[in-house]
Number of protein chains: 4
Amino acid sequence: MTQQFRGVIPPAVTPLTATHELDLPSFESSINRMIDAGVNGIFTLGSSGEVAFSTDDRRREIINAAMEIVDDRVPVLVGCIDTETNRVIEHAYVARELGASAIVATAPFYALGGEAEVERHFRLIHEAVPDLPLFAYDIPICVHTKLQRDMLIRLGLDGVLTGVKDSSNDDVSFRFLVDDNNEAGHPLTLLTGQEVVVDGAYMAGADGSVPGLANVEATAYVHMWNAYQEGDWRSVRDEQDKMAALMRITSVVQGVQGFGAGVGAFKTALALLGVFDTNQMPEPIAPLKGENVERIAAVLKDCGLPLERTSLEVSESTVVKD
Amino acid sequence: MTQQFRGVIPPAVTPLTATHELDLPSFESSINRMIDAGVNGIFTLGSSGEVAFSTDDRRREIINAAMEIVDDRVPVLVGCIDTETNRVIEHAYVARELGASAIVATAPFYALGGEAEVERHFRLIHEAVPDLPLFAYDIPICVHTKLQRDMLIRLGLDGVLTGVKDSSNDDVSFRFLVDDNNEAGHPLTLLTGQEVVVDGAYMAGADGSVPGLANVEATAYVHMWNAYQEGDWRSVRDEQDKMAALMRITSVVQGVQGFGAGVGAFKTALALLGVFDTNQMPEPIAPLKGENVERIAAVLKDCGLPLERTSLEVSESTVVKD
Amino acid sequence: MTQQFRGVIPPAVTPLTATHELDLPSFESSINRMIDAGVNGIFTLGSSGEVAFSTDDRRREIINAAMEIVDDRVPVLVGCIDTETNRVIEHAYVARELGASAIVATAPFYALGGEAEVERHFRLIHEAVPDLPLFAYDIPICVHTKLQRDMLIRLGLDGVLTGVKDSSNDDVSFRFLVDDNNEAGHPLTLLTGQEVVVDGAYMAGADGSVPGLANVEATAYVHMWNAYQEGDWRSVRDEQDKMAALMRITSVVQGVQGFGAGVGAFKTALALLGVFDTNQMPEPIAPLKGENVERIAAVLKDCGLPLERTSLEVSESTVVKD
Amino acid sequence: MTQQFRGVIPPAVTPLTATHELDLPSFESSINRMIDAGVNGIFTLGSSGEVAFSTDDRRREIINAAMEIVDDRVPVLVGCIDTETNRVIEHAYVARELGASAIVATAPFYALGGEAEVERHFRLIHEAVPDLPLFAYDIPICVHTKLQRDMLIRLGLDGVLTGVKDSSNDDVSFRFLVDDNNEAGHPLTLLTGQEVVVDGAYMAGADGSVPGLANVEATAYVHMWNAYQEGDWRSVRDEQDKMAALMRITSVVQGVQGFGAGVGAFKTALALLGVFDTNQMPEPIAPLKGENVERIAAVLKDCGLPLERTSLEVSESTVVKD
């Protein structure tokens, strides 16, 4: 079962039109481009898939689109991200209804709790959709809880969790999780959510990666995965070097923090490459513009990616003057 | 306009039946008890009103119940708490449809952002429901962003914000906010979300308080407010002393953290006082039991509150064995 | 015994010459000015006394100067601030040798530990200088540990601690500490380290305050204390209002964070008032200059304080070009 | 010049006698054992060398001992760890006087500051001892400041810094630092302070490692380094696997946090292996005992290390009853 979630499973970035509608043609281009590059799955409605910004209707629209575009070529993992258990379970029901291959849920957030509550949260989600593989999404920078290793292993052994998407930026902890998982008979599929240290995660023994940057360039991540499977560490390293250079599209951005810089750079690159029609961002985030776009274009060029455009029209911000 | 949101505006705790349904009779008893004590408003779907745990249907059910019970005797503020702008706006539309007197929204959370995004977030919410007074809810412990004073004042002067509910536990910052607000002509109604340092907030010049503990005992907070209006600081202090002693119901709890201890203690006290039928908590939180209930009963007794029961039946946890 | 440490005990700001020597005449002026205003003690080598920036020789020089200037008019508390127990004890021996009335120590910092280690730390310090009253300095923003209330009370009852200087900016916790201390028979003298919410701390029942701003203007804090002793809360509030307005000298500073802005503003104000000769700061902090000085001068003027100068010579930075 | 600081440079753990004296024979055994294993340098008075716990006299004693034992066989780096610039510079003078090959300093801590102050701090230290290679020690868990990449590169290019010891547990940032450093012409020697993800740091291009665990077993780290130099990634990975298994000595410890668990486990292992005479810890930390010792012994045994003892005498704690 868990074999099917190994390898490169990019979190699909969600394209918007200038007026903040879901841009279906761009979504199709982007997902097809990744599948053509050989990725092993698509993770939709992840953090970089703007799940937190999307209304329930929009989420449904995104899942539907992803399912239709992917068309069973690879598994589709669906993020069911919300504050507490009952809200997450509602998303899980929708994901199941729409045909998700697996779902991905974080620890509860907003309200403060303890470890017992986190564990019960995952058990309740699994109980609600027992037929649907469940991944725990370890992303303390968003939910402010680090998932404990012993709990993860226990939930794996109990059949509650199928795997973990680790975006905790704690390579030491991930290393120990891999070892614990191996000792326990490998109940969990362990995916790293990194872009520039996937090589280290593979050295540690990861079962795959969920790199946002693969939206911009998936081939290198596929090569890296294949090289890892063959024990060809020199190639792993070479591909990672290329991707670290490309990831500079996010760090050249100035004056913007967090999601607006990170996913903003991905969308801007995708628009410059002609995959996306715009680099529009979900409210209240503004799309990147001006020198930030130029800086991203320069990185893409340095990395040898084929620019379709060198500048972007500024999406009209139709609502609020500020 | 803002005058109507001054004084004591408790965040209504939400009673559940043993099977996790909304317990309407208990909700009615509790809200009536607070209004009879003289509170100046009711804040429903706040953090302690378990907004983060409630599905959209449950939220609608709670608002409807609150509106019907309150029946225009005092204003009803409704928490529109969700991760990002578009999701919050959907809750705002529901609150408006159901007749809310005002809405309350936090900074965006889950995704990382900057100050510009926070400001635009509030402006967009106001633009969506311009007729509905909007309070900013400053609660960094839940959303991990502290609202900046200059932004709050600017949004007040621009008519975007009607007021601020400050649950930041930063009395220094609150003191400066009050002064800034006074200098700016008092555009904002400033409410403190504290229970045991309301006296200090009144010394600083707060326009009211939103004390969760008022669910358990509202009279003292009403007395405190009246004494403050009359400059009778000795009485302010005496009432605060009583409420600090009563707030020990939350700190005597052992082995449980955060919401489970805080709101758990409120619900347990309300059940022991016969106002609530159970002390059931929303999933994945377990209700308090055993010695924790005894400790809370002892505090209530020490504080002279009339216990209806001295123990509680343990609500059956019907789902997950753990 | 603990009676002698009640009231207003300012943390003495340390004046430097342009070449970073201890400026003895300015130190004398400043301390005398505070004692003349009626303060109840002087706390030297606190955080705002630049203890962390001072070498051991400089610390000895500061203690010696303070002892000589104060000349037994009020008690002198000496900060013994260092990373771990043995280093703190060395400072305690020096403080005892030089005649300190009491010493003040934080939780251990730099290395990570737990609660047992924090408690043992204070016990060992007391055991090394059992004759010297010991205050625990609760300053998590500097040492990243919050002192637990039950430990503090236990150490008070065991005669290890004489009191607590609370700079934790957690008024809720301070409120509960006061109550716990009263229940335990008041073993601890509880001092708040705040400037703008001293009124709230007095409402809570504090035994005194340690306001850095009293270096700039001590009279109001003395008045506030006396009014508190007499139950004259209106005057407490009036004096606090004045001091909140004056504290704006720290928040008008732009482009500088932390110690450089806070103590930088105190030193700048003292230089503008003619109490200090320069506003020189300890390395690696630069003294405030230009518009920041002008902004501070404007606040002082608004608050009715008598400026001796309206600008300051920029202290030559003799070492590093940057 | 910087070539001499490449490779494996363990932070020497400091052995104590039961009465808290420096245990010279154990120190000699341990350092010789590491040099015999082929390490490329010794870092004394690092965090795990208990620098924060050691008085100035003890620090001098440790440096003297290390210099004498090492006897020019490899370079000796000396930690000059203190709160702010002037205190660090005093330690730097001592290190220079006693013959250190290089010094290692963190960002300032305790007082709050900004980036300009951090940069000036390193410049002033270098100006004080311009002849002594200076490493920046990036350890935010202890000093609560993350060193910025652009500043590090600038200080490298200006000849202020010779290198960086990265203990920030941020592999993404380290990866980018390596790339920035290469682009700048490799002005900095970049050492990782990790134990279980050294393989990833080598993949990223680190110039060496500073693993505390090498006190317990240095050979594997030397092998890993050599394999890395030869591009033999399979061996890098195998050696790292062994060391990850051995590092479990720190995670099997129960009921103790931080330094007491981490360095406590190293000392306990060294005592069980017969390298150290005791596992005594610096005050206020208690040495590990009972089941924690047994658990560590079990890990050592599983990893095939030759135990000299299977239990340890409990060091008498001579001072405080608690």
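Is A:K165 buried or exposed? I looked up its relative accessibility, found 6%, and therefore entered A:K165 as buried, where buried means under 20% relative accessible area, exposed over 50% and partly exposed in between, with a 1.4 Å probe and protein chains only.

I note that this is a predicted model, in which local features need pLDDT of at least 70 and side-chain atom pairs count only at pLDDT 80 or more, while totals for chains, interfaces and linings use all residues. Residues are numbered from 1 along each chain as its sequence is written, chains are lettered from A and ligands numbered from 1 in the order in which they are written, and side-chain values use heavy atoms, with hydrogens and water left out.

I checked the UniProt record, an unreviewed entry, which places "active site" at A:Y137 and A:K165; such positions are given in the numbering used here, feature names are shortened, and annotations may be inferred rather than shown by experiment. The two span 29 residues in sequence, yet no two of their C-alpha atoms are more than 4.8 Å apart, so they gather at one spot.

I then looked at A:Y137, which counts as buried at 4% relative accessibility. Leaving aside neighbours within four places in sequence, A:Y137 is in contact (heavy atoms within 4.5 Å) with residues including A:F43, A:K165, A:S167 and B:Y110. Under that same exclusion, the contacts of A:K165 include A:F43, A:Y137, A:D138 and A:V210.

Lastly, I noted that 100% of the interface residues of chain B are also interface residues in chain C, so the copies meet through the same surface.
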